[in-house]
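User: Hi! Could you take a close look at the nonpolar core of this model for me, and then tell me how its surroundings fit in?

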Amino acid sequence: SDLVIVHRTNTYEGQSVAATDLEQLAEKILNARSGKVEKSAKTKILKPDYNLPKEVMLDQSVVERYSGTYKHPFLGNFTVRNQESKVFLDTNIGVFRLFATDTDTFFPEDLETLMQFLPAPDQATKFTIKPVFGEDKKLQRAIMYY
């Protein structure tokens, strides 16, 4: 059919789609393709169901303060690094750009969880990550202790 179907799911947040659902979707697309072309068809621009915060620019000294390797309680090590005036988060599932929304708060690319950088209350907490869950057991934010 000379057709490519791209399916995206937020697997970083634990979401998934059953293979049978994808097969049904592909079947519906192929069935629709054999029908008469609708000349008045219009494209629809889809937007994320969350609001992207406005990015702020941070002083280089602030970014350097947050740089380092942080230990997550069950996901291993995450590294925050600066590259060409941009902040990145290296994880075992990928590399994400971090967009500053405030002096200490970042919005990770492709993730819906805010990250907040706070001074560690003690030496044992330094360079650790504390996940904060809501009542619905969804990750609300991650506190990065520097």
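Analyst: Happy to help; here is a walk from the overall chain to the core and then outwards.

This is a predicted model, in which local features need pLDDT of at least 70, side-chain atom pairs count only at pLDDT 80 or more, and totals for chains, interfaces and linings use all residues. Residues are numbered from 1 along each chain as its sequence is written, and side-chain values use heavy atoms, with hydrogens and water left out.

Let's begin with confidence, given as pLDDT (the predictor's confidence in each residue, from 0 to 100). The chain has a mean pLDDT of 86, and 87% of its residues reach 70 or more. Strand 1 (residues 68-72) has the highest confidence, at 97, while helix 1 has the lowest, at a mean of 83.

As for the fold, the chain has two helices and eight strands, in the order α-α-β-β-β-β-β-β-β-β from the N terminus. Helices (H or I, at least four residues) and strands (E, at least two) are DSSP runs, numbered from the N terminus. Of the 146 residues, 23% count as buried; buried means under 20% relative accessible area, exposed over 50%, and partly exposed in between (1.4 Å probe, protein chains only). Contact here means heavy atoms within 4.5 Å. Among contacts between residues at least 6 apart in sequence, 45% join residues at least 24 apart.

Now to the part you asked about. A nonpolar core is a set of buried Ala, Val, Leu, Ile, Met, Phe, Trp, Tyr and Cys residues joined through side-chain atoms within 4.5 Å. The largest one has 17 residues, and Tyr70, Val80, Phe117 and Met144 have the most contacts inside it. Two or more residues each come from helix 2 (60-66), strand 2 (76-83), strand 3 (86-91), strand 4 (94-100), strand 6 (114-118) and strand 8 (139-145). Helix 2 gives the most, with three residues.

Tyr70 is a good place to look around. Leaving out residues up to four places away in sequence, Tyr70 touches Val80, Phe117 and Met144, and its other partners include Phe78, Phe127, Ile129 and Tyr146.

Gln116 is worth a stop too. This residue lies in strand 6 and counts as buried because its relative accessibility is 19%. Beyond its neighbours within four places in sequence, Gln116 is in contact with Asp104, Thr105, Arg141, Ala142, Ile143 and Met144. The C-alpha atoms of Gln116 and Met144 are separated by 5.9 Å, although the two are 28 residues apart along the chain.

Turning to charged pairs, a salt bridge is a side-chain nitrogen of Lys or Arg within 4 Å of a carboxyl oxygen of Asp or Glu, and the count comes to two. In one, Glu55 pairs with Arg97, with the closest N and O atoms 3.4 Å apart. That pair links distant parts of the chain, since Glu55 sits in the loop between helix 1 and helix 2 and Arg97 in strand 4, 42 residues apart. Glu55 is partly exposed, at 33% relative accessibility. In the other, the side chains of Arg81 and Asp90 meet at 2.6 Å, N to O; Arg81 counts as partly exposed, at 25% relative accessibility.

Finally, the outside. Leu3, Ile5, Val17, Leu22, Leu25, Ile29 and Leu30 form a nonpolar surface patch with about 500 Å² of accessible area together. Patches are made of residues with over 30% relative accessible area and no salt bridge, with like charges joined within 9 Å and nonpolar side chains (Val, Leu, Ile, Met, Phe, Trp, Tyr) within 5 Å. Accessible areas come from the Shrake-Rupley method with a 1.4 Å probe, and for residues only the protein chains shown count as cover. Leu3 lies in the segment before helix 1 (19-33) and is partly exposed, at 39%.
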